[in-house]
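This report examines charged pairs, buried residues, backbone outliers and surface character in a single protein chain. The sequence and coordinates are presented first, and the discussion follows.

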Amino acid sequence: VQLQASGGGLVQAGGSLRLSCAASGRTFSNYYMGWFRQTPGKEREFVAAVDSSGGSTYYADSVKGRFTISRDNAKLTVSLQMNSLKPEDTAVYCCAASRVLAGVSKFYHYWGQGTEFTVSS
């Protein structure tokens, strides 16, 4: 499966932004999908994951209650709705596909190019 993230930009603190990840391949619905983020000098950080049906989700504590992951298997997309954004959310965000619902990057075998956004204070 091939993935491409989009939706980055510049947003003020407290604002909202929605990232999207478009997938190709008819096996999209077989995969669990996740979002990760990375800033220079730091390790890749898990953000959120959703199971293959979209019925179960999993979030990092740092985004719980502010971010919502969802997917549309018919449209081959997974989205990340981000509210109450903070400057520390600034990063390059990547979507990834896994065979399991996991919060660790080693379980994700397919990665899309990242999309970057900045939260200004």
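## Nonpolar surface patch

In what follows, a patch is built from residues that have over 30% relative accessible area and no salt bridge, with nonpolar side chains (Val, Leu, Ile, Met, Phe, Trp, Tyr) joined within 5 Å. The coordinates discussed here are those of a predicted model.

On the surface, V100, V104 and F107 form a nonpolar patch. Together these residues present about 220 Å² of accessible area. F107 is placed in the loop between strand 9 (91-98) and strand 10 (108-111). Its relative accessibility is 36%, so F107 counts as partly exposed, and the value also satisfies the requirement of over 30% for patch membership.

## Salt bridges

How many salt bridges does the count come to? The total is four. One of them pairs E45 with R37, with 2.8 Å between the closest N and O atoms. The two partners differ in their surroundings: E45 is partly exposed, with a relative accessible area of 31%, whereas R37 is buried, at 6%.

R37 also meets D89 in a salt bridge, with an N to O distance of 2.9 Å. R37 belongs to strand 4 (residues 32-38) and D89 to the loop between strand 8 (77-82) and strand 9, so this pair ties together parts that are 52 residues apart in sequence. D89 is buried, its relative accessible area being 0%. Through shared partners, salt bridges join R37, E45, R66 and D89 into one network. A further salt bridge links D61 and K64, whose closest N and O atoms are 3.1 Å apart; D61 is exposed, with a relative accessibility of 66%.

## Buried charges without a salt bridge

Which side chain of opposite charge is nearest to R71? R71 lies in strand 7 (residues 67-72) and is buried without a salt bridge; the nearest such side chain is that of D51, 5.8 Å away. The distance is beyond the 4 Å limit for a salt bridge, and therefore the pair is not counted as one. The relation holds in the other direction as well: D51 is buried, has no salt bridge, and finds its nearest side chain of opposite charge in R71. D51 is located in the loop between strand 5 (45-50) and strand 6 (57-59).

Polar partners of R71 can nevertheless be identified. The side chains of R71 and N73 are joined by a polar contact of 2.8 Å. In addition, a polar atom of the R71 side chain lies 3.5 Å from the backbone oxygen of S52. With neighbours within four places in sequence left aside, R71 is in contact with residues including F28, Y31, Y32, M33, D51, S52, G54, T77 and V78. For D51, with residues up to four places away in sequence not counted, the residues touched are Y31, Y32, S56, R71 and L101.

## Environment of M33

M33 is found in strand 4. Is this residue buried or exposed? At 0% relative accessibility, M33 counts as buried.

Residues up to four places away in sequence aside, M33 touches L3, F28, A48, A49, V50, I69, R71, V78, A96, A97 and Y108. The contact with R71 connects this environment to the buried arginine described above. M33 and T57 are 24 residues apart along the chain, and their C-alpha atoms are separated by 9.6 Å.

## Residues with positive phi

Most residues other than glycine have a negative phi. Against this background, two loop positions deserve separate mention.

L76 is not a glycine, yet has a positive phi of about 55°. It is located in the loop between strand 7 and strand 8. L76 is partly exposed, with a relative accessible area of 24%. S84, likewise not a glycine, has a positive phi of about 50°. The loop between strand 8 and strand 9 contains S84, and at 41% relative accessibility S84 counts as partly exposed.

Conventions:
Residues are numbered from 1 along each chain as its sequence is written. This is a predicted model: local features need pLDDT of at least 70, side-chain atom pairs count only at pLDDT 80 or more; totals for chains, interfaces and linings use all residues. Side-chain values use heavy atoms; hydrogens and water are left out. Patches are made of residues with over 30% relative accessible area and no salt bridge: like charges are joined within 9 Å, nonpolar side chains (Val, Leu, Ile, Met, Phe, Trp, Tyr) within 5 Å. Accessible areas come from the Shrake-Rupley method with a 1.4 Å probe; for residues, only the protein chains shown count as cover. Helices (H or I, at least four residues) and strands (E, at least two) are DSSP runs, numbered from the N terminus. Buried means under 20% relative accessible area, exposed over 50%, partly exposed in between (1.4 Å probe, protein chains only). Lys and Arg count as positive and Asp and Glu as negative; His and the chain ends are not counted. A polar contact is a pair of N or O atoms within 3.5 Å; within protein, one must be able to donate a hydrogen and the other to accept it, and residues adjacent in sequence count only if both atoms are side-chain atoms. Contact means heavy atoms within 4.5 Å.
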